[in-house]
Amino acid sequence: MKDRRLTAALACAAALMAVAGCSAQGVKDAVNGEETPKAPVTLSPNVQQKATDVKVSTRVKVSAENGEVSSARLSTADGKTEIKGRTGRNGWIASERLEPGTTYQLKATGAGADGTYKTVRRTFTTQQLSLAQQTYPAVAPLQGETVGVGMPVIVTFDVPVKNRSLFEKHMKVTTSKDVQGSWSWLSDREAHYRPKTYWPAHTTVKVDLGLNSLPAGNGVYGQQDQKVEFTVGKKVVSVVNVAKHRLSYTVDGQVVRKIPVTTGDEGHRTREGVKVIMEKFSSVDMDAATTGVDSEDPGYYNISDVRWAMRVTNSGEFLHAAPWSVGAQGNANVSHGCTGMSTSDAKWLYDRSRRGDVMKYVNSPRQLEPNNGWTDWNVPWDQWTKGSALPQPPAA
């Protein structure tokens, strides 16, 4: 009997505690069978009505409380351009930033938990920007181009980028084959991307630069997004032996042809290092003045219609046809730094070469200077990655 009385007492105490835990309102609701009224939806855009000078870097948002955004439309005032967006738990956000000197209209509708709807509208205008306040990203390779395995991705800005880390976060490179690569900034105006080793042959590379209206620093903004897709062709890595006056053209590691050449004489040594074909010309006029040689200098030259020319340095080194030096080709170095060969050999090489093919020069006493052309492959990988504005992942 004693145990049964104790059990009954405990049960009664638990019931009292349960009642005490309810609010007075809660009890009233339970008694009256009424529910607490639900609040209507509240929509809060991050732009003000009739605002002017809205920063182009703004991502327009509409936040929702006590409900959700059911629809939203952001477009230019003339209705010709619409900016898409996405809806999430906290509201709606535009997928793109804004254009300068443009008037936009925003209309958003929200559905409340109380079953009602509310619509907000905003009309606003963005800041004006001069060309000096916008930086344009020019990209190489070109869309759809097929290049050699040594071709870096090159982004050149016409106005300096101070906020490198923010820009690099929005500069994406994806590949069809597994590649470890990194950006490296050569200056505030130029960034290159390359793999740790040469691109795998027959790789598709996609470059996606989401830079439009992104703050570059010092009041400058990105002028445009860029998307470029290119293909890497065969693995062509040729070796020019300066001392032996020979060019070995190799495809996928196999020597296809050996070509007798002449390179720079003792006063104009051809540089040693890994070079990349930058430009191709079926015919070009070569004026030594463009390389800094005065017309009164004994070494000055001005030759028109030089055939089958391919540039490998900024300073003016080319591979080209040199019918005037056929007797020296394969035997002596008599040029002003270019790699000369017979017209037939030059045409054969020209027809099989692409921008980005690798030309490795060996056995020369003169070293290739940094940035004298696309000299990326002469930089050790650990040094290359230090040129990135972002922390690098640990080595595999």
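Trainee: Which residue forms a salt bridge with Arg 164, and how far apart are the closest N and O atoms?

Mentor: The general idea is that side chains of opposite charge can pair when their charged atoms come close. A salt bridge is counted when a side-chain nitrogen of Lys or Arg lies within 4 Å of a carboxyl oxygen of Asp or Glu. Here the partner of Arg 164 is Asp 188, with the closest N and O atoms 2.6 Å apart. The two residues belong to distant parts of the chain, 24 residues apart: Arg 164 is in helix H3 (residues 164–169), whereas Asp 188 is in the loop between strand S14 (181–187) and strand S15 (190–195). Helices (H or I, at least four residues) and strands (E, at least two) are DSSP runs, numbered from the N terminus.

Trainee: On what kind of model do these values rest?

Mentor: This is a predicted model, in which local features need pLDDT of at least 70 and side-chain atom pairs count only at pLDDT 80 or more, while totals for chains, interfaces and linings use all residues. Residues are numbered from 1 along each chain as its sequence is written, and side-chain values use heavy atoms, leaving out hydrogens and water.

Trainee: Does one call Arg 164 buried, partly exposed or exposed, and what is its relative accessibility?

Mentor: Buried means under 20% relative accessible area, exposed over 50%, and partly exposed in between (1.4 Å probe, protein chains only). Arg 164 has a relative accessibility of 27% and therefore counts as partly exposed. Its partner Asp 188, at 19%, counts as buried. For the chain as a whole, 43% of the 396 residues count as buried.

Trainee: How many salt bridges does a search of the whole structure find?

Mentor: The search finds 11. One of them joins Glu 145 to Arg 355, with 2.8 Å between the closest N and O atoms. Glu 145 lies in the loop between strand S10 (137–140) and strand S11 (146–147), and Arg 355 lies in the loop between helix H4 (343–351) and strand S28 (358–362), so the pair ties together parts 210 residues apart in sequence. Glu 145 is buried, with a relative accessible area of 18%.

Trainee: Which residues are joined into one network by salt bridges that share partners?

Mentor: Let us begin with one pair. Glu 317 forms a salt bridge with Lys 275, and their closest N and O atoms are 2.5 Å apart. Because Glu 317 is in the loop between strand S25 (302–311) and strand S26 (318–321) and Lys 275 is in strand S23 (residues 273–276), this pair ties together parts that are 42 residues apart in sequence. Both Glu 317 and Lys 275 are buried. Through shared partners, the salt bridges join Arg 271, Lys 275, Glu 317 and Glu 369 into one network.

Trainee: Which strands pair with S15?

Mentor: Two strands pair if DSSP finds at least two bridges between them. S14 and S15 run antiparallel and are joined by 6 bridges. A hairpin connects S14 to S15 through 2 residues, and the bridge partner of Ser 187 is Glu 190 in S15. Strand S12 (residues 153–157) also pairs with S15 in the antiparallel sense, over 4 bridges. In that pairing, Val 155 stands opposite Ala 191 of S15.

Trainee: Why is S15 described as largely enclosed by the rest of the structure?

Mentor: The reason is that 5 of its 6 residues are buried.

Trainee: How should I read the order of strands in an open sheet?

Mentor: The order lists neighbours across the sheet. One open sheet has 4 strands in the order S1-S2-S6-S5, with antiparallel pairing. Strand S1 (42–45) and strand S5 (85–88) are its edge strands, each pairing on one side only. Within this sheet, strand S2 (residues 61–65) and strand S6 (residues 91–94) pair over 3 bridges, and Val 62 has Trp 92 in S6 as its bridge partner.

Another open sheet of 4 strands follows the order S4-S3-S7-S8, and its pairing is antiparallel. Strand S4 (82–83) and strand S8 (117–125) are at the edges with a single partner strand each, so one side of each is left without a neighbour in the sheet. Strand S3 (residues 67–76) and S4 run antiparallel and are joined by 2 bridges. There, Ser 75 has Glu 82 in S4 as its bridge partner.

Trainee: What does the chain look like overall?

Mentor: Its secondary structure comes to 5 helices and 28 strands. The radius of gyration is 34 Å, well over the 21 Å that the globule rule gives for 396 residues, so the chain is more spread out than a compact globule. This radius is taken over C-alpha atoms, and the rule is 2.2 Å times the number of residues to the power 0.38. Along its principal axes, the C-alpha trace spans about 120 × 65 × 30 Å.
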